[in-house]
Structures are given as C-alpha cells and as structure tokens.
Amino acid sequence: MFTRAAGILLHPTSLPGPFGSGDLGPASRQFLDWLASAGQQLWQVLPLGPTGYGYSPYLCYSALAGNPALISPELLAEEGWLQESDWADCPVFPSDRVDFASVLPYRDQLLRRAYSRFLQKAASSDRQLFQAFCEQEADWLDDYALFMAIKQASQGQPWTEWPEALRQRQPQALAKARDRWGGEISFQQFLQWQFREQWLALREEAQARRISLIGDIPIYVAHDSADVWANPQFFALDPETGAVDQQAGVPPDYFSETGQLWGNPVYNWAALQADGYRWWLQRLQQLLSLVDYIRIDHFRGLEAFWSVPAGEETAIDGEWVKAPGADLLSTIRQQLGALPILAEDLGVITPEVEDLRDRFELPGMKILQFAFDSGSGNAYLPHNYWGRRWVVYTGTHDNDTTVGWFLSRNDSDRQAVLDYLGAESGWEIEWKLLRLAWSSTADWAIAPLQDVFGLDSSARMNRPGQATGNWDWRFGADWLTGDRAHRLRRLSQLYGRCFG
C-alpha cells in the first residue's frame with residue numbers, strides 16, 4: 001500500500017488567492033500542477049473541519065464537516081451562484097498572512113449571497129442534488145447544521161452556555177429550534193454540499209496527476225463542537241452541565257516544560273466500545289471519502305492517554321489511562337478493510353505504543369529536526385531506520401521551519417548537524433535536510449513547503465502552547481517557479497521517489 005514516494009505538507013489556507021485565504025479554487029489546481037512537475041506524489045493537509053477557537057484546524061466545530069472558508073467563490077461563480085461583480089468590493093487582504101478576523105466575515109458574506117442566489121435560481125436538478133446530499137449525510141449533518149444555527153443565533157456562545165433545554169437536547173426544544181432557524185440550518189447544509197462538491201473535484205484533479213491526498217484526524221475533538229453536543233455519552237463530561245470532567249493533553253515534553261493542556265474532553269472509551277465504535281467508524285469513513293490516506297494525530301493516545309482533571313492550569317498533574325486501541329483498530333479493519341493510516345507516534349512513546357503500531361503494520365513518523373540531540377543512537381537519525389515502514393519529515397506544522405530551527409541552535413549543536421551531513425556550512429541547510437530525508441530508507445519523505453523555499457521562522461505554521469497567532473502563513477502567487485520544481489524532481493528521481 002505504501003510505495004516509495006515523496007510529497008509536500010501544505011494546508012489549503014496557505015494557498016494564494018484574492019479572498020484573503022487559500023481555498024479550493026484555481027490556486028489549488030495550480031499547486032497540483034506544480035507538485036506533478038516536481039515529481040511529487042503526495043499532498044498532505046491538516047484537518048479540514050470548520051475552525052473554532054484560535055482558528056486552529058485541530059479545534060473544529062465538527063469532526064465530520066468541512067471548513068466553509070475553503071469554499072472557492074470562483075467555483076461558486078462557475079456554478080452560477082455568484083458573479084464576479086459580487087466581489088468587486090473585495091478588500092485588499094494581506095498576501096503573506098491570513099487575517100482571519102477580517103477574512104472570515106467577508107467570505108461568509110459571499111457564501112450567504114451564493115445561497116440566496118441558489119434559492120432564487122436553482123434548477124430542479126440542482127435542488128434534487130442538494131436534497132439527496134442532505135438525506136445521504138443526515139446522520140451527522142442534521143446535528144451539525146442545527147448546532148451551527150443555534151451558535152449563530154446565540155452570538156457564538158459555546159453550547160454549555162445555551163438554555164438548559166437545548167444544552168441537554170430535549171426533543172421539544174430541538175424541534176422548536178429547527179422550526180425557528182430553518183433558514184440558517186439549510187444554509188449550513190448548503191455550505192457542506194458545496195464544500196464536498198469542490199473537494200471531490202479537487203481530488204479528481206489530484207488523481208489525474210497521480211497525486212495521493214493525505215488527510216489528518218486529530219485524536220480528540222473540540223469540547224465546543226457538534227460532536228460532543230450531540231454525543232455527550234462518548235466523552236468525559238459533567239452529566240449536568242456538560243462541562244469537561246477529564247481533559248486531554250500530554251505531560252512535559254520537547255515543546256513544553258509544563259506539558260500541553262489541550263482542553264479537549266477525553267473519551268468515554270467504554271461507551272464507544274459498547275456502541276461498536278460507530279462514531280469513530282463514521283469519522284474515518286467520512287474522511288476517506290475525501291482523501292486517500294489518513295494521519296492519526298497523537299496516535300499514542302489510542303494505547304494510553306494523558307488525562308488531566310478539570311480545573312488544572314497545566315498538564316503536569318495528569319495520569320496515563322489505558323485505551324482500547326487494538327480493539328478499535330481491529331474493528332476498523334473488519335469494517336473498512338485495509339488501513340490506509342499513518343501513525344503520528346511522536347512524544348512519550350512506550351514499547352506498548354510501538355507494538356500497537358507494528359501489530360497493524362502502520363507507518364510511524366521520523367522527524368529530522370529531532371534527530372541530532374542525543375548521539376548516534378537517536379531513533380530519528382536515518383541510519384537507525386530499521387525497515388521501510390516510515391514517513392520521514394524535515395519537520396511538521398508544529399516545528400519551526402528548517403532554516404529557523406538551524407539558526408536557533410547554538411554553535412556546537414549546529415556543528416553536530418553539519419558533521420552528520422558531511423557539510424562544511426549551513427548554506428541551504430533546508431536542501432541538505434531534504435536530501436537526507438529523500439535518501440533515507442523510509443517509504444515516504446515529506447517536507448513542508450516552507451522548507452522547499454528555505455523560509456525562516458517567520459513562516460512557521462504553529463507554535464504549540466501558543467493560543468493565538470498561528471495557522472495564518474501563506475505563500476505568494478508567483479512562488480511556484482520551475483527551478484524549485486526541477487530541483488525537487490531531480491532529488492526525487494535520484495532517490496527513487498518519482499514516477500519518471
């Protein structure tokens with residue numbers, strides 16, 4: 001299933017375009033063309049859901065819905081739901097950053113205009129397609145659309161602050177809400193229909209270029225989400241208020257001396273198990289309808305998870321709790337067949353986690369930025385990769401760029417990197433690490449686009465533990481030149497990671 005290949009990590013919001021953030025429009029096709037010209041067979045993205053607090057794709061309002069901010073106005077115009085005149089007053093947004101606070105309201109205005117025109121002009125065939133989508137996805141879409149409609153009406157309040165009848169999902173209150181906010185519910189359904197149509201069209205374009213898409217599933221979901229509101233029995237919550245009872249995180253690690261406290265509720269695994277893991281299966285099936293492979297973020301949490309009592313201000317005072325990962329993965333394999341899954345096995349990894357990963361023959365991750373700080377036995381150094389079932393990265397969205405990482409090291413630590421590389425200087429250190437990754441025995445080699453362009457720390461995508469100022473990096477419309485593509489293709493050809 002995992003043949004030798006290479007690719008690029010880039011979230012669609014980082015694409016160029018006139019509407020303030022990247023989307024599924026023309027720039028996404030241009031990026032696919034560039035990937036193909038560079039001999040790349042993989043495009044890895046971050047989670048695709050509708051972002052909530054801090055605009056993080058790892059804190060979404062739904063684990064099943066798509067992000068409306070990725071819907072392309074230009075593609076809506078091709079369908080007849082918008083006209084170019086609709087964005088004649090488009091503000092001049094920054095080209096190197098996403099100003100979410102300005103971009104999202106503007107995009108929402110365009111989307112509402114598109115929905116209004118759909119209601120006015122749609123042919124019966126279009127209405128039938130929309131209705132068929134709503135019926136096919138009703139199992140999750142009805143709850144999500146209602147959740148977003150109530151949130152819209154309550155000025156964004158988290159569901160735990162809604163009136164008790166809505167918070168506890170009393171049937172009569174839900175029925176009244178559906179009647180009262182039926183128009184907003186239909187609008188939210190329309191957005192999900194258009195997201196799916198545009199994404200599936202992009203996937204067809206990728207397949208035509210023999211490029212596989214890698215999606216991402218955060219192991220946990222946001223507390224303020226349709227998933228938790230609609231399925232409270234599957235999460236560690238206070239049964240009366242819905243507040244988090246036990247929250248997720250990790251103990252002190254490479255990124256933080258006090259650990260990371262994520263705030264997501266941990267799972268009630270007993271309830272999930274008793275239900276045959278239906279929610280997890282639905283979640284995986286939904287994403288696999290959009291992508292070819294899935295990276296499970298924080299895979300180690302399927303073997304044991306760090307559980308921190310509510311009210312703690314750091315993640316220090318938590319405990320490891322066992323999870324039924326083997327039973328879950330066995331059920332997934334029985335229901336879905338082969339497991340096109342990558343295990344993000346970073347952090348505090350035990351032999352039990354490694355056994356779980358290897359039992360199901362899942363590729364693990366190797367990060368070169370972690371490789372140079374503990375001598376020749378460091379498991380992230382390529383000479384220690386036993387076998388080929390690995391995905392090697394120069395860095396991920398949580399790391400600094402390779403240039404930023406190298407410059408932040410002291411002289412002796414930089415020299416340790418150069419000694420391993422057999423290099424005299426740190427000139428183009430990003431390409432030296434790319435070569436190291438591409439030449440390794442790992443089946444897959446992936447680099448953030450920032451490293452292909454040798455960008456410094458100002459282009460970093462995320463700083464773990466920092467609540468704001470993340471996820472907003474974008475590249476310019478004129479960046480995808482032939483020289484970088486040619487160089488990347490040559491590297492891929494040299495190390496057997498290219499079709500030809």
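Which residue in S8 is the bridge partner of serine 307? I began my notebook with this small question, and I kept in mind throughout that the model I am reading is a predicted one.

**Entry 1: the sheet of 4 strands**

I looked up the pairing and found that the bridge partner of serine 307 in S8 is glutamate 319. This bridge belongs to the pairing of strand S7, residues 304-309, with S8, and I noted that the two strands pair in the antiparallel sense over 4 bridges. I then followed the sheet outward and wrote down its order as S5-S4-S7-S8, an open sheet of 4 strands with antiparallel pairing. At its edges I found strand S5 (260-265) and strand S8 (319-322), each of which pairs on one side only. From one strand to the next, the twist in this sheet averages 45°. As a reminder to myself, I added that strands of a sheet pair through backbone hydrogen bonds, and that they do so either parallel or antiparallel.

**Entry 2: the sheet of 8 strands**

Next I turned to another open sheet, which has 8 strands in the order S9-S6-S3-S2-S1-S12-S11-S10 and shows parallel pairing. Why is one side of strand S9 (341-343) and of strand S10 (364-367) left without a neighbour in the sheet? I worked out that both strands stand at the edges and have a single partner strand each, so there is nothing in the sheet beside them on one side. Ignoring direction, I recorded an average turn of 25° between neighbouring strands of this sheet.

I looked at one edge in more detail, where S10 and strand S11 (residues 390-393) run parallel and are joined by 4 bridges. Within this pair, isoleucine 367 has tyrosine 393 of S11 as its bridge partner. I also checked which helices meet the strands, and I saw that H1 packs on the sheet, where it touches strand S1 (5-9) and strand S2 (42-44), with a direction at about 135° to that of S2. Helix H11, residues 278-288, lies across strand S3 (212-218) and strand S6 (293-297), and I noted that it runs at about 150° to S3.

**Entry 3: two helix pairs**

I stayed with H1, residues 26-37, and found that it packs with helix H18, residues 482-494, at an angle of about 45°, their axes being 8 Å apart. Because of that angle, H1 counts as oblique to H18. On the H1 side I listed Trp34, Ala36 and Ser37, which meet Arg484, Ala485, Leu488 and Arg489 in H18. Sorted by class, this contact of H1 with H18 has 4 nonpolar, 1 polar and 2 charged residues.

For the other pair, I wrote down that H3 and helix H4 (residues 124-136) pack at about 120°, with their axes 9 Å apart. I therefore called H3 and H4 oblique to each other as well. Here Phe118, Leu119 and Gln120 in H3 meet Asp126, Arg127 and Phe130 in H4, and the classes in this contact are 3 nonpolar, 1 polar and 2 charged residues.

**Entry 4: cavities**

How many cavities of 30 Å³ or more does the structure hold? I counted 4 of them, and the largest cavity holds about 290 Å³ of space. Of the 28 residues that line the largest cavity, I noted those closest to its centre, which are Gly49, Ser62, Ala63, Leu64 and Ala65. Helix H8 (182-208), S3 and H11 are the elements that give two or more residues to this lining. The lining of the largest cavity divides into 19 nonpolar, 5 polar and 4 charged residues.

The second largest cavity has a volume of about 150 Å³. Of its 20 lining residues, the closest to the centre are Leu9, His397, Pro448, Gln450 and Met461. For this second lining I recorded 7 nonpolar, 10 polar and 3 charged residues.

**Entry 5: a pocket**

Finally I looked up the second largest pocket, in which about 630 Å³ of space lies. It is lined by 26 residues, and closest to its centre are Tyr61, Leu104, Asp108, Met148 and Gln152. Which helix gives the most to the lining of the second largest pocket? I found that H3 does, with 8 residues, while helix H5 (138-153) and H8 each supply at least two. By class, I closed this entry with 14 nonpolar, 7 polar and 5 charged residues in the pocket lining.

How values were computed. Residues are numbered from 1 along each chain as its sequence is written. This is a predicted model: local features need pLDDT of at least 70, side-chain atom pairs count only at pLDDT 80 or more; totals for chains, interfaces and linings use all residues. Side-chain values use heavy atoms; hydrogens and water are left out. Axes are lines fitted to C-alpha atoms, for helices over the stretch in contact, and angles run from 0 to 180 degrees between N-to-C directions. Angles under 35 degrees count as roughly parallel, over 145 as roughly antiparallel, 65 to 115 as roughly perpendicular and the rest as oblique. Contact means heavy atoms within 4.5 Å. Ala, Val, Leu, Ile, Met, Phe, Trp, Tyr, Cys and Pro count as nonpolar, Asp, Glu, Lys and Arg as charged, and the others, Gly among them, as polar. Two strands pair if DSSP finds at least two bridges between them. On a 1 Å grid over the protein atoms alone, a cavity is a set of points where a 1.4 Å probe fits but cannot get out, and a pocket is an open set with protein on both sides within 12 Å along at least five of seven lines; lining residues have an atom within 4 Å of a point. Grid points are joined across faces, edges and corners, and a volume is the space filled by probe spheres set on the points.
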